[in-house]
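Q: How do you know what to call a residue, a ring pair or a helix in a model? Let us set values against cut-offs and see.

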Amino acid sequence: MPEPQPHGYQLYPPPPPQAILASRSEYYQKLRYRKYWPPENTPDTPLLCLYRLYEFLVVDDVTGYRNTIEYFCKQRTWAVCDIPDPQDPDPCRYAFLACLPALLKAAFNERIKLGLVRDVPAIMSPEQAEAYRTAPESSKTYEEVPEWTKNVKPLEETLFMMSHDGVVMKDFNDPRASNYFKPKNILIWGPHIHFT
């Protein structure tokens, strides 16, 4: 596992899921004490954010991944469909990353249906909120997944992910299994992705 960098910056690329899970507690602590998101002197990007989301989901840090989803949502110029292909050399990490845009799409589109579009002001009057909520469906722009996600092959062997308390599901028939990860043969708990 890579050693932490001097100022607590994010490492790229992070380890594959199996390496993170092998020392999940230590990696979780490293994420909790990370001071900065992008590497030093590097602007944040949708792809860097996608890797952060990956890390938080692998360790099942609910607060971490929900905050990252909300952070991504607030980056109004980051359309989900424009997330570039990471072309990650690790097949497990690449498959995992390929599932994340669908997760973002679901979270953001649910908000958009409620009138909470990505460029909605943080503070608004009740009249403004009602105008967003009742806007015609034709005026709403929904998110889509990038094309590259469809071309990433599913894993040959199922990747079993554990919950924060160490529970591993047995198969995809478990109602707690995420449908967003199933197409890539990754068995993970359905994450809590919706926020207002």
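A: Start with one definition: buried means under 20% relative accessible area, exposed means over 50%, and partly exposed lies in between. Keep in mind that this is a predicted model.

Q: Why is F96 called buried?
A: F96 has 0% relative accessibility. The cut-off is under 20%. So F96 counts as buried.

Q: What does F96 touch, leaving aside its neighbours within four places in sequence?
A: F96 is in contact with Y54, L57, V58, M161, F181, I186 and I188.

Q: Which residues have the most contacts inside the largest nonpolar core?
A: They are F96, L100, L104, F181 and I186. This core has 43 residues. Helices 1, 2, 3, 4 and 5 each supply at least two of its residues. Helix 5 gives the most, with 13 residues.

Q: What makes Y71 and W78 an edge-to-face pair?
A: A search of the whole structure finds 6 aromatic pairs. In the pair of Y71 and W78, the ring centres are 6.0 Å apart and the planes stand at 75 degrees. Centres must lie within 6.5 Å, and planes over 60 degrees apart count as edge-to-face. Both tests are met, so the pair is edge-to-face.

Q: Are Y71 and W78 buried or partly exposed?
A: Y71 has 24% relative accessibility, so Y71 counts as partly exposed. W78 has 10%, so W78 is buried.

Q: Why is the pair of F96 and F181 called tilted?
A: The ring centres of F96 and F181 are 4.9 Å apart, and their planes are at 55 degrees. Stacked needs under 30 degrees, and edge-to-face needs over 60. The angle of 55 degrees fits neither, so the pair is tilted. This pair links distant parts of the chain: F96 is in helix 5, F181 is in the loop between strand 1 and strand 2, and they are 85 residues apart. F181 is also buried, with a relative accessible area of 0%.

Q: Which residues do ring pairs link into a cluster?
A: The cluster holds Y71, F72, W78 and F108.

Q: Why does the span of helix 4 agree with the expected one?
A: Helix 4 has 13 residues, which should span 18 Å at 1.5 Å a residue. Its end C-alpha atoms are 18 Å apart, so the two values agree.

Q: Which residues of helix 4 are buried, and what covers them?
A: The buried ones are G64, Y65, T68, I69, F72 and C73. Their cover includes helix 3 and helix 5.

Q: How many residues of helix 3 are buried?
A: In helix 3, 13 of its 13 residues are buried, and the helix is described as mostly covered. Helix 3 reaches 18 Å from its first C-alpha to its last, close to the 18 Å expected.

Q: What makes the phi of D60 worth a look?
A: Most residues other than glycine have a negative phi. D60 is not a glycine, yet its phi is positive, near 55 degrees. D60 sits in the loop between helix 3 and helix 4. At 15% relative accessibility, D60 counts as buried.

Q: Where is Q87, and what is its phi?
A: Q87 lies in the loop between helix 4 and helix 5. Its phi is positive, about 45 degrees, although Q87 is not a glycine. With a relative accessible area of 60%, Q87 is exposed.

Q: Why is there no bond between the sulfurs of C81 and C73?
A: A disulfide is a covalent bond between the sulfur atoms of two cysteines. The sulfur atoms must be within 2.5 Å. The closest cysteine sulfur to that of C81 is in C73, 14 Å away, so it is too far for a bond. C92 is in no disulfide either: the nearest cysteine sulfur, that of C99, is 11 Å away. The whole structure has 0 disulfides.

Q: Are C81 and C92 buried or partly exposed?
A: C81 has a relative accessible area of 38%, so C81 is partly exposed. C92 has 15%, so C92 is buried.

Q: How do you know that S178 is buried?
A: S178 has 3% relative accessibility, and the cut-off is under 20%, so S178 is buried. S178 lies in the loop between strand 1 and strand 2. A polar atom of its side chain is 3.2 Å from the backbone nitrogen of Y180.

Technical notes:
Residues are numbered from 1 along each chain as its sequence is written. This is a predicted model: local features need pLDDT of at least 70, side-chain atom pairs count only at pLDDT 80 or more; totals for chains, interfaces and linings use all residues. Side-chain values use heavy atoms; hydrogens and water are left out. A nonpolar core is a set of buried Ala, Val, Leu, Ile, Met, Phe, Trp, Tyr and Cys residues joined through side-chain atoms within 4.5 Å. Buried means under 20% relative accessible area, exposed over 50%, partly exposed in between (1.4 Å probe, protein chains only). Helices (H or I, at least four residues) and strands (E, at least two) are DSSP runs, numbered from the N terminus. Contact means heavy atoms within 4.5 Å. A polar contact is a pair of N or O atoms within 3.5 Å; within protein, one must be able to donate a hydrogen and the other to accept it, and residues adjacent in sequence count only if both atoms are side-chain atoms. The expected span of a helix is 1.5 Å times one less than its number of residues.
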